[in-house]
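Got your viewer open? Load the model, keep the selection tool handy, and follow along stop by stop.

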Amino acid sequence: MVIPFHVTLRDAVLDAAERVVGRDGVGSLTLDAVAAEAGVSKGGLLHHFPSKDRLIEGMVRRAAASWRECFTSAYEATEPGPGRMVRALLGGCLSDTDCWTEQLRRTWSLVFTALAQNSALVEPMREVNQELRRLLAADGLPAGMDETVLAAIDGLWLNWVLGITPLDRERIARVRAVLEDMLKESCGASVVGRAREDRCTLSKETE
């Protein structure tokens, strides 16, 4: 396997680890299996991840960083004003469902498995969640509005990742419409209008 020049060895190893888990299950995640999948020597792998625990930690930290990048980029692309973070979440998480891929589901399934086995690994996730909540708290919305939106998105996401419910775009659209109505009632039609404009912009950018 030839690693593309724009991919670091560390990321190539983490990608390989995710493929091993996705194909063979968590029980098959060994350093030897990952080194073989990545096409690197075990010594090269150990340079970045000296143990299986450190490898799993690396996967969890990368997932947390990916989540941070997801909501911060959506926030930066959303027009400033009341409800900016909420509008970013509605425009990103509940509109562009093409990013809800099977590979992403497998990655987060592994994250949850890792957290169940080592509770200390929750810290990177907690830090990212706190960053998101700080942005939501600064939104200037009525009390509870931000929590309601976040709880709805978390519920849809968790049910999908755990395989409880399949990806249902119509269901997600219905939830988004209800949340937009709540936002309109709380803050006025102009705020919801911005949310819909942001959603359209994000959709066009992904076409």
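Start with helix H6 (102–117) and turn to the face pointing away from its buried side: there you'll find the exposed residues Ala116 and Gln117. Exposed means over 50% relative accessible area, buried means under 20%, and partly exposed is in between (1.4 Å probe, protein chains only). Helices here are DSSP runs (H or I, at least four residues), strands are runs of E of at least two, and numbering goes from the N terminus.

Before moving on, know what you're looking at: this is a predicted model, where local features need pLDDT of at least 70, side-chain atom pairs count only at pLDDT 80 or more, and totals for chains, interfaces and linings use all residues. Residues are numbered from 1 along each chain as its sequence is written, and side-chain values use heavy atoms, leaving out hydrogens and water.

**Stop 1: the other side of H6**

Now select Thr107, Trp108, Leu110, Val111, Ala114 and Leu115, which are the buried residues of H6. Look down the helix axis: they fall within an arc of 150°, so they line one face of the helix. (The arc is that of the directions from the helix axis to the C-beta atoms.) What do these buried residues pack against? Show H1, H4, H7 and H8, and you have the partners.

Try the distance tool too. From first C-alpha to last, the 16 residues of H6 reach 23 Å, close to the 22 Å expected at 1.5 Å a residue. The expected span is 1.5 Å times one less than the number of residues.

**Stop 2: Thr101, at the start of H6**

Step back to Thr101, in the loop between H5 and H6. Thr101 is partly exposed, with a relative accessible area of 33%. A side-chain oxygen of Thr101 comes to within 3.1 Å of the backbone nitrogen of Leu104. That's a polar contact: a pair of N or O atoms within 3.5 Å, where, within protein, one must be able to donate a hydrogen and the other to accept it, and residues adjacent in sequence count only if both atoms are side-chain atoms. Next, add Leu167: it sits 66 residues from Thr101 in sequence, yet the two C-alpha atoms are 9.3 Å apart.

**Stop 3: Asp168 and helix H9**

Select Asp168, in the loop between H8 and H9. Which end of H9 does Asp168 cap? The N-terminal end: a side-chain oxygen of Asp168 lies 3.1 Å from the backbone nitrogen of Glu170. Asp168 is partly exposed, at 33% relative accessible area. Its C-alpha is 9.3 Å from that of Thr97, 71 residues away along the chain.

Follow H9 itself and pick Ile172, Arg176, Leu179, Glu180 and Leu183, its buried residues. Down the axis, they fall within an arc of 105°, so they line one face of H9. Flip to the face turned away and you'll meet the exposed residues Glu170, Arg174 and Glu185.

**Stop 4: helix H2**

Go to H2 (31–38) and select Leu31, Val34, Ala35, Glu37 and Ala38, which are buried. They cover an arc of only 165° around the axis, which puts them on the same side of H2. Their packing partners are H1, H3 (42–48) and H4. Right after H2 comes Gly39, with a positive phi near 75°.

**Stop 5: the core**

In soluble globular proteins, nonpolar side chains tend to be buried together. Here, the largest nonpolar core has 52 residues, and Leu29, Val34, Leu45, Leu55 and Leu89 touch the most other members. Such a core is a set of buried Ala, Val, Leu, Ile, Met, Phe, Trp, Tyr and Cys residues joined through side-chain atoms within 4.5 Å. Zoom in on Leu29: beyond four places in sequence, it touches Ala17, Val20, Val21, Val34, Lys52, Leu55, Ile56 and Met59. Contact here means heavy atoms within 4.5 Å.

**Stop 6: zoom out**

Show the whole protein chain: it has 10 helices and 0 strands, and 38% of its 207 residues are buried. Finally, color by pLDDT, the predictor's confidence in each residue, from 0 to 100. The chain's mean is 84, and 87% of its residues reach 70 or more. Where does pLDDT drop below 50? Residues 1–6 are one such stretch, and residues 198–207 also stay under 50.

Conventions: Arc of directions from axis to C-beta.
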